[in-house]
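Trainee: I am new to this protein. Could you take me through it, one question at a time?
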Amino acid sequence: MTITAEHSILRAVVVSEEDTEEPTHSACRLLSGLGHEVNGVSSLDEAMKLLSGPAADLLVIDLPTADQKRRLFEQLAALPTESTPRRVAVFSDGADEFTHSLSHQPVKSRVQVFIKPLHLHGLLNVLRNIDGRNLAGVS
């Protein structure tokens, strides 16, 4: 993996149950290390506050239960188009019933599911492919 000198900065929101005082989540560290603007949050309310402003390029969801993911997707579906993230990456420990249904969710974003432990490799591919541009600075 090489880092290019110039790349576009994307705006990312990472939702996980980890403490957000120090963004230690692996996706936060990866995205920040690549020079992107990253906001880590630990609650659905915090996530929706961030998403109700200018649209994020990427929303990363790493929540442990299908119910938490379902509630977040219900709230995402209610967002106006201009506030909808362009891409949504869902990290999962396994393929539960809700994870299988994600491709049929009524959201305006492209949704991709990544099963742990290879989830960060999948996230790098999402970064490479946002609008076909090299927004991640990864080549």
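What follows is a set of short questions and answers.

Mentor: Two ground rules. This is a predicted model, where local features need pLDDT of at least 70, side-chain atom pairs count only at pLDDT 80 or more, and totals for chains, interfaces and linings use all residues. Residues are numbered from 1 along each chain as its sequence is written, and side-chain values use heavy atoms, with hydrogens and water left out.

Trainee: Which element gives the largest share of the largest nonpolar core?

Mentor: A nonpolar core is a set of buried Ala, Val, Leu, Ile, Met, Phe, Trp, Tyr and Cys residues joined through side-chain atoms within 4.5 Å. This one has 20 residues, and V15, L51, L59, I61, F73 and L76 touch the most other members. Strand 1, helix 2, strand 3, helix 3 and strand 4 each give two or more residues (helices, H or I, of at least four residues and strands, E, of at least two are DSSP runs, numbered from the N terminus). The largest share, four residues, comes from helix 2.

Trainee: How many residues does the other core have?

Mentor: This core lies apart from the largest one. Among its members are L31, F91, F114 and V126. Its count is 18 residues.

Trainee: Is T84 buried or exposed?

Mentor: T84 sits in the loop between helix 3 and strand 4. Buried means under 20% relative accessible area, exposed over 50%, partly exposed in between (1.4 Å probe, protein chains only). The relative accessible area of T84 is 7%, so T84 is buried.

Trainee: Which backbone oxygen does the side chain of T84 reach?

Mentor: Start with the contacts of T84, meaning heavy atoms within 4.5 Å. Leaving aside neighbours within four places in sequence, they are A55, A56, L79, K108 and S109. At 3.1 Å, the T84 side chain reaches the backbone oxygen of P80.

Trainee: How far apart in space are R110 and A89?

Mentor: R110 belongs to strand 5, residues 110–115. It touches R86, R87 and V88, not counting residues up to four places away in sequence. R110 and A89 are 21 residues apart in sequence; C-alpha to C-alpha, the distance is 8.5 Å.

Trainee: What separates the C-alpha atoms of L120 and L30?

Mentor: L120 is in helix 5, residues 119–129. Leaving aside neighbours within four places in sequence, L120 is in contact with S26, A27, L30 and F91. L120 and L30 are 90 residues apart along the chain, and their C-alpha atoms are separated by 8.3 Å.

Definitions and conventions: A polar contact is a pair of N or O atoms within 3.5 Å; within protein, one must be able to donate a hydrogen and the other to accept it, and residues adjacent in sequence count only if both atoms are side-chain atoms.
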